[in-house]
Amino acid sequence: MNKVNVSGLGITKFGTHEGETLKSLLLDACFQALKEADFPKIDAVYVGNFMSGSLGNQEILGAIVANDLSLGAIPTVKVEGACASGGIAFRQAFLMIQSGEYEHVLVAGVEKMKGAPTEVITNAINAAMDNDSNEKHAGLTFPGFFGTVANRYFYETGASKKHLAYVALKNREYAIHNPIAQFTKPATMEDYMSARMITEPLGLFDCSPTSDGAAAIVLSKGENGVIVRSSGQASGTTQMQEASDLLSLPAVKESARRAYEKAGLGPEDIDVVELHDCFSMTEILSIEELGFFAKGTGFEAVEQGLTKHGGVVPVNTSGGLLSKGHPIGATGLAQIYHIVSQLRGTSCNQVEGARIGLAQNLGGTGAYSTVHIFEGVK
């Protein structure tokens, strides 16, 4: 099988883009990535997106990229996997080069969420749940789901709201130094504790924001620069009532197992991580499911600073979804952008000597998960 490397990166600032359209954000990130890759002949385009149809009345994103950037009559695909849309799009592009079908693929992610009424955005996001389930008819939302999980975690482990604060404040501290991050204002424990409650025990700082933004990557055949060591994907339950363990994200654990196995590595080999902290509680669960800490001990790890520089493994040094922002279709690609930058030695909040990085992207309440492992230049 062919080796696959990252030959180009592109990203926009995350946040509010009043003067930009979804299309202009997407093309901006794609052009940046193509320019950095020295404009190779692109064989295909994959675009991760979740709600361009429902919020922007715009589909055919892959064809738009190919047409407006004069890439020719190449195959294009829009990929939907809820919040894991970007990660899944990246995986498909990687597999096609690895198999020998293509040599250069442009993969991008985009979302334009700001500006729409809150009710409209919430309704669009809730399409990532099983809307024919009893719990959805009873009014379950994403904050409600992860708030329930947090309360259960507190009950079983002895953790408390302050442990969620350690996650949120860590990620804000990192975001301050990330030029594309949505939230760069310093925050204190007092700010966190006094923030507006969303759903007990999750407050404003515990929930990722609505965001505009795009990210793009050119993948190429060969071993130049940062290479993709492996890709894993798995699915999980779509309903809370079907979960055998409320404190488990089986898709995360399984996608990680597959990625570790294919890479011939384990969690102990990872130097830096970007994971899907859609809520502060999700980060605590995910560092356990990814194998960095034993089940039920993630809260102790964040309290002890083990997910910061100098700890066991720095997590979400970009600021994570909580502070970097979460333009849904772009999130998986933005995580990879940051990991590749870390392995190149050019990142904000650089982890000294980072050589192996991992990016994990979650969809729904655990319906999808992708894990990608990267290796930098030795």
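Okay, so let's start with the empty space: searching the whole structure turns up two cavities of 30 Å³ or more. Keep in mind that what you have in front of you is a predicted model. How do you find holes like that? Rolling a probe the size of a water molecule over the atoms shows where empty space is left.

Let's take the largest cavity. Its volume comes out at about 110 Å³. There are 15 residues lining the largest cavity, and the ones closest to its centre are Phe145, Thr237, Ser248, Leu249 and Thr365. What's the lining like, in terms of nonpolar, polar and charged residues? It splits into nine nonpolar, five polar and one charged. And which helix gives the largest share of that lining? That's H7, with three residues.

Now, the other hole. The second largest cavity holds about 30 Å³ of space. You can go and click on its lining residues: Ala168, Arg172, Phe205, Leu322 and Ser323. Helix H8, residues 161-175, and helix H13, residues 320-324, each bring at least two residues to that lining. By type, the lining of this second largest cavity has three nonpolar residues, one polar and one charged.

Back to Phe145, then, one of the residues closest to the centre of the largest cavity. Where does Phe145 sit? Phe145 is in helix H7, which covers residues 142-157. Is Phe145 buried or exposed? The cut-off for buried is under 20% relative accessible area, and Phe145 has 6% relative accessibility, so Phe145 counts as buried. If we skip the neighbours within four places in sequence, Phe145 is in contact with Leu140, Met240 and Thr365. Thr365 should ring a bell, as Thr365 is also among the residues closest to the centre of the largest cavity. And for a sense of distance, try Ala234: from Phe145 to Ala234 is 89 residues in sequence and 20 Å in space, C-alpha to C-alpha.

Last stop: who does H7 pack with? Two packed helices are described by the angle between their axes and the distance between the axes. H7 packs with helix H11, residues 280-289, at an angle of about 60 degrees, and the two axes are 9 Å apart. The crossing of H7 past H11 is left-handed. On the H7 side the contact is made by Phe146, Val149, Ala150 and Tyr153, while H11 puts in Met281, Thr282, Ile284, Leu285 and Glu288. Sort the residues of that contact by type and you get seven nonpolar, one polar and one charged.

That's my tour, thanks!

Definitions and conventions: Residues numbered from 1 in each chain as written. Predicted model: local features only at pLDDT ≥ 70, side-chain atom pairs only at ≥ 80, totals over all residues. Heavy atoms only, no water. Helix = DSSP H or I, 4+ residues; strand = E, 2+ residues; numbered from the N terminus. Buried < 20%, exposed > 50% of the residue type's maximum accessible area, 1.4 Å probe, protein only. Contact = heavy atoms within 4.5 Å. 1 Å grid on protein atoms, 1.4 Å probe; cavity = no way out; pocket = protein on both sides within 12 Å on 5 of 7 lines; lining within 4 Å. Points joined across faces, edges and corners; volume = space filled by probe spheres on them. Nonpolar A, V, L, I, M, F, W, Y, C, P; charged D, E, K, R; others polar. Axes fitted to C-alpha atoms, helices over the stretch in contact; angles between N-to-C directions. Left-handed = near helix turned anticlockwise from the far one by under 90°.
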